[in-house]
Structures are given as C-alpha cells and as structure tokens.
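The exercises below are meant to be worked with the sequence and the model side by side. Try each task before reading its solution.

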Amino acid sequence: MDKPTIAAAKSVLAQADCLLAADEVAAAVGRVAAAVNAALAGQEERPLALVLMRGGLIFAGQLLPLLELPVDLAPLADAQEGQEVVAA
C-alpha cells in the first residue's frame with residue numbers, strides 16, 4: 001500500500017464533513033478523563049496506557065494531560081493484517 005501524499009490528504013480534508021466542533025470534541029475528551037479519574041481514584045499502582053500510534057495518538061495526547069494521576073505510556077505500532085503488533 002502506497003503512503004498517501006500531502007495533496008491526497010488535503011483533497012480528503014477538503015471533501016470531509018465536520019461532524020463535531022473542536023469544543024465538542026474537547027468536552028467529550030474531558031468527560032472521558034473525568035470517568036477515568038473517578039474509576040482510578042485512590043489506586044496505588046500506576047496504570048499503563050497502551051496507545052496505537054496510528055489512530056490513538058491524537059486522542060491520547062488530549063486525554064493524558066487531563067488525568068489526575070501518573071500514567072505509564074506504551075506506544076504500540078500498528079500492523080498490517082497477518083503481522084504481529086508489538087510495543088514500540
């Protein structure tokens with residue numbers, strides 16, 4: 001599979017519909033962070049966040065700073081069908 005070009009990415013963006021405004025996305029990420037904070041409150045061990053490098057990186061970059069506890073991060077490289085997924 002060929003890597004997409006910048007021109008192809010710009011073409012997709014130009015044709016895309018905006019489903020949610022940036023403030024709506026930020027509010028949703030905030031709700032997820034609040035739920036994680038509530039679920040892990042009082043936990044003594046550091047949780048491990050597994051983040052897929054393609055697809056999950058942007059979300060993780062928005063979510064992790066909102067967490068009220070230290071988190072270890074393990075980025076995962078995605079794999080093509082039939083390949084093994086391994087920690088980066």
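A residue is called buried when its relative accessible area is under 20%, exposed when it is over 50%, and partly exposed in between, with a 1.4 Å probe and protein chains only. This is a predicted model, in which local features need pLDDT of at least 70 and side-chain atom pairs count only at pLDDT 80 or more, while totals for chains, interfaces and linings use all residues. Residues are numbered from 1 along each chain as its sequence is written, and side-chain values use heavy atoms, with hydrogens and water left out.

**Exercise 1. Decide whether Gly56 is buried or exposed, and find how far it lies from Pro75.**

Step one is to place the residue: Gly56 sits in the loop between β1 and α3, where helices (H or I, at least four residues) and strands (E, at least two) are DSSP runs numbered from the N terminus. Next, the relative accessibility of Gly56 is 18%, and therefore the residue counts as buried. Finally, the C-alpha atoms of Gly56 and Pro75 are 9.3 Å apart in space, although 19 residues separate the two in sequence.

**Exercise 2. Treat Asn37 in the manner of the first exercise, with Leu69 as its partner.**

Asn37 belongs to helix α2. With a relative accessible area of 11%, Asn37 is buried. From Asn37 to Leu69 the C-alpha distance is 7.6 Å, across 32 residues of sequence.

**Exercise 3. Describe the order of elements along the protein chain.**

Begin with the count, which is 3 helices and 2 strands. Reading along the sequence then gives the pattern α-α-β-α-β. As for burial, 15% of the 88 residues of the protein chain count as buried.

**Exercise 4. Find the salt bridge and state which parts of the chain it ties together.**

A salt bridge is a side-chain nitrogen of Lys or Arg within 4 Å of a carboxyl oxygen of Asp or Glu, and a search of the whole structure finds 1. The partners are Asp72 and Arg46, whose closest N and O atoms are 3.0 Å apart. Asp72 lies in strand β2 (residues 72–76) and Arg46 in the loop between α2 and β1, so the pair ties together parts that are 26 residues apart in sequence. Asp72 is partly exposed at 34% relative accessibility, and Arg46 is likewise partly exposed, at 47%.

**Exercise 5. Work out which kinds of residue line the largest pocket.**

On a 1 Å grid over the protein atoms alone, a pocket is an open set of points where a 1.4 Å probe fits, with protein on both sides within 12 Å along at least five of seven lines, and lining residues have an atom within 4 Å of a point. The largest pocket has a volume (the space filled by probe spheres set on the points, which are joined across faces, edges and corners) of about 160 Å³. Among its 14 lining residues, those closest to the centre are Ala49, Leu63, Leu64, Leu67 and Val71. Strand β1 gives the largest share of the lining, 4 residues. By kind, the lining has 13 nonpolar residues (Ala, Val, Leu, Ile, Met, Phe, Trp, Tyr, Cys and Pro), 1 polar and no charged (Asp, Glu, Lys and Arg), where polar covers the others, Gly among them.
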